[in-house]
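Let's take a friendly walk through one protein model. Please have a look at its backbone and its helices first.

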Amino acid sequence: MAASISKLSNPTPASSLSSTFSPRTPQPKCLIRLLATPAATFNSKLSSSKLSVRSPSLRGSLVVRCSQSDGNGSQVKRTYLHDLYEKEGQSPWYDNLCRPVTDLLPLIASGVRGVTSNPAIFQKAISTSNAYNDQFRELIHSGKDIESAYWELVVKDIQDACKLFESIYDQTDAGDGYVSVEVSPRLADDTQGTVDAAKWLHKVVARPNVYIKIPATAPCVPSIKEVIANGISVNVTLIFSLSRYEAVMDAYLDGLEASGLSDLSRVTSVASFFVSRVDTLIDKMLEKIGTSEALNLRGKAAVAQAALAYQLYQKKFSGPRWEALVKKGAKKQRLLWASTSVKNPAYPDTLYVAPLIGPDTVSTMPDQALQAFVDHGTVSRTIDSNVSEAEGIYSALEKLGIDWSYVGNQLEIEGVDSFKKSFDSLLDTLQEKANSLNLVSP
């Protein structure tokens with residue numbers, strides 16, 4: 001154990017990963033870059049090597065530059081995102097959604113294979129854009145209250161996005177091409193309320209490739225089982241600890257077994273394991289400890305715990321119990337790496353993507369992480385390349401007094417609270433918008 005820790009005693013977070021994760025000289029690839037050029041509408045014919053896209057979350061235009069040619073001399077629009085899926089079996093998803101959803105088309109062409117959303121994403125999208133005004137005005141005029149109008153806005157975005165990813169869903173036999181929408185964060189402590197909300201969302205979205213997001217809070221773990229048992233595909237979100245992750249996998253298996261379905265191939269799930277927020281909290285704890293050993297472990301906790309989660313995943317989805325479900329068409333509940341943007345500017349900007357590449361996983365990336373990886377990412381299997389190193393880091397943190405149970409619970413509380421605040425803020429914003437549009441009396 002000491003040997004594992006000693007070789008990780010580099011003081012610089014950027015160099016704290018094992019040599020397996022060291023950047024390699026990238027091969028010629030198509031790059032997505034931000035350029036200070038006016039945004040243009042997407043050309044669905046893709047006749048040019050440049051694809052410009054309007055996106056309020058990006059500065060300038062998203063431009064796909066192609067540097068490879070096929071045998072006929074025409075340019076091939078390939079990026080490292082294509083390689084992630086084709087060479088390593090990891091699906092790159094985009095952690096953002098806004099109108100017009102056709103802005104996703106260049107990203108799909110660049111290799112993005114799914115979308116995740118959450119209350120914070122919709123809060124930003126709806127509150128900073130006029131693209132929702134016409135539908136919102138119609139909804140209020142028709143007698144909808146503010147929260148009902150919110151859900152109608154969200155459902156339309158999710159339906160439209162599902163349509164764009166439908167071909168990926170079909171091509172992979174329900175293995176990929178999903179768009180995620182979350183139940184109200186106000187239900188994080190309500191087991192039955194979450195089940196009812198998930199059923200309702202699934203019914204109103206009415207798309208085969210929608211994932212209903214349910215938080216991995218203790219009250220909602222039974223909800224996951226019940227929703228899966230009802231044949232509804234689920235994205236389990238806000239997972240911060242190994243113990244809770246194990247409970248989530250068990251809920252998925254229990255749900256499949258309780259479904260009574262003879263064909264389980266269309267009931268799928270991902271388990272969203274959050275990454276960067278773990279380092280944000282543990283780094284603060286390490287700085288308070290202040291010893292050289294503690295400081296040298298900054299920026300390492302999140303990736304180490306994620307690597308151990310993958311080990312749990314491999315064990316859980318093997319053996320007689322799992323094989324019995326496979327005979328009915330069951331698909332593994334893939335691990336999805338969430339919270340992949342780097343919060344500490346001292347860390348490499350692909351820190352929560354590059355070391356977590358492995359088969360049957362998903363990496364959902366917001367703009368920052370997506371741009372960074374496509375620009376200078378390295379595609380190779382890294383998630384289980386040095387498990388002993390991950391175990392050493394995890395144990396070393398425990399010996400320093402880091403309570404992983406506390407970390408998981410605290411981050412869950414913060415995550416649920418953050419989404420509740422975003423949800424409440426958005427409803428307030430919509431009320432103000434209704435007032436400003438003279439739709440309701442002040």
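L238 sits in strand β6, residues 234–239 (strands, E, have at least two residues and helices, H or I, at least four; both are DSSP runs numbered from the N terminus). This is a predicted model, where local features need pLDDT of at least 70, side-chain atom pairs count only at pLDDT 80 or more, and totals for chains, interfaces and linings use all residues. Residues are numbered from 1 along each chain as its sequence is written, and side-chain values use heavy atoms, leaving out hydrogens and water.

Most residues other than glycine have a negative phi, and most peptide bonds are trans. L238 has a positive phi, and so has A174, which is not a glycine either. A174 lies in the loop between α6 and β4 (179–182). Buried here means under 20% relative accessible area, exposed over 50% and partly exposed in between, with a 1.4 Å probe and protein chains only.

| Residue | Phi | Relative accessible area |
|---|---|---|
| A174 | about 70° | 1%, buried |
| L238 | near 60° | 2%, buried |

A cis peptide bond joins R99 and P100, with omega about -5°. P100 belongs to the loop between β3 (90–94) and α3 (105–109).

How do the axes of helices α6 and α16 cross? Helix α6 (residues 146–171) and helix α16 (residues 404–436) have axes that come within 10 Å and cross at roughly 105° (axes are lines fitted to C-alpha atoms over the stretch in contact, with angles from 0 to 180 degrees between N-to-C directions). The two helices, α6 and α16, are therefore roughly perpendicular, a term for angles of 65 to 115 degrees. Among the residues in contact (heavy atoms within 4.5 Å) are W151 of α6 and F423 of α16.

Notes. Angles under 35 degrees count as roughly parallel, over 145 as roughly antiparallel, 65 to 115 as roughly perpendicular and the rest as oblique.
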